[in-house]
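Please open the model in your viewer and keep a selection tool at hand. The tour below moves from one selection to the next and says what is to be found at each stop.

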Amino acid sequence: MLLLAQIEETDDCWIWTGELATKGTPIIRIDGKRHPARRVMLETIGRPLGQLVWDTCDNPACMNPEHLRSGPRREFQQAMAEKGLFPKGLQRSLLSAQNRNARFGMQQVRAEWLSLAAGETTYEGLSERYGVSLSAVRKTCQRWAPLFICQGVR
Ligand SMILES: [Zn+2]
């Protein structure tokens, strides 16, 4: 089978040896057309497909169905948040609005938003500390409020 021919099975992950998308996820060509191979995999084995397909093993090239999940975007975001990874949009809006000299990583973004959620800091505090406008902070927070990040923020 075309799919399996391009997979190198290890004890854990099944590594895709074929073409990869720029984000590192497997691509398969069917009749010359590019398809996300992980979707094709789930479809082939009869798993229900949602809006998105993602992995639980942090290996974007993994094809092991045991490591693959599919569902709506919201479910994906929750899975990422549980792993301590935040939606790119959240990180981007903070990073792009902040003073370029004040670099901080994902962990710091996470810490800030958690302390915001815990009521240990405020919108104003964040706005001041990172030189982000109050409305940008508020907008970012409200945008992601459905996730746990901003619950309880006044
Ligand atoms: Zn895997």
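Is Asp58 buried or exposed, judged by its C-beta neighbours inside 10 Å? Select Asp58 in this predicted model, and you will be in the loop between β5 and β6. Because Asp58 has 11 C-beta neighbours inside 10 Å, and a residue with 12 or fewer is classed as exposed, Asp58 counts as exposed. Its backbone deserves a look as well, since the phi of Asp58 is near 60 degrees, a positive value in a residue other than glycine. Most residues other than glycine have a negative phi.

Now zoom out and colour by secondary structure, which shows 7 helices and 6 strands. Followed along the sequence, these elements come in the pattern α-β-β-β-β-α-β-β-α-α-α-α-α. Of the 154 residues of the protein, 16% count as buried. If you draw the contacts with a separation of 6 or more, 44% of them are accounted for by residues 24 or more positions apart.

Next, select β3 (27-30) and β4 (33-36), two strands that pair in the antiparallel sense over 4 bridges. Within this pairing, Ile30 stands opposite Lys33 in β4. The hairpin of β3 and β4 has 2 residues between the strands, and Asp31 is placed in that loop. Asp31 has a positive phi of about 55 degrees although it is not a glycine. Asp31 counts as exposed because it has 5 C-beta neighbours inside 10 Å.

From the hairpin, move to Ile28 and display what it touches: leaving aside residues up to four places away in sequence, these are Leu2, Leu3, Gly18, His35, Ala37 and Val40.

Ile28 also leads to the next selection, for it belongs to the largest nonpolar core, a set of 12 residues made up of Ile7, Trp14, Trp16, Ile28, Ala37, Met41, Leu42, Val53, Ala61, Cys62, Met63 and Leu68. Two elements, β2 (14-16) and α2 (37-44), give two or more residues to this core, and α2 gives the most, with 3 residues. In soluble globular proteins, nonpolar side chains tend to be buried together.

Keep α2 on screen and pick out Ala37, Arg38, Met41 and Leu42, which are buried in this helix. Looking down the axis of α2, you will find that its buried residues fall within an arc of 140 degrees, so they line one face of the helix. To see what covers these buried residues, add the surrounding elements, which include α1 (2-5), β2, β3, β4, β5 (52-55) and β6 (68-71). Just beyond the helix, α2 is followed by Gly46, whose phi is positive, near 80 degrees.

The last stop is Met41, which lies in helix α2. Met41 counts as buried because it has 22 C-beta neighbours inside 10 Å. Which residues does Met41 touch, not counting those up to four places away in sequence? They are Leu3, Met63 and Pro65. Finally, draw a distance from Met41 to Asn64: these residues are 23 apart along the chain, and their C-alpha atoms are separated by 8.9 Å.

Technical notes. Residues numbered from 1 in each chain as written. Predicted model: local features only at pLDDT ≥ 70, side-chain atom pairs only at ≥ 80, totals over all residues. Core = buried A, V, L, I, M, F, W, Y, C linked by C-beta atoms within 7 Å. Buried ≥ 20, exposed ≤ 12 C-beta atoms within 10 Å, placed from the backbone. Contact = placed C-beta atoms within 7 Å. Arc of directions from axis to C-beta. Pairing = 2+ DSSP bridges.
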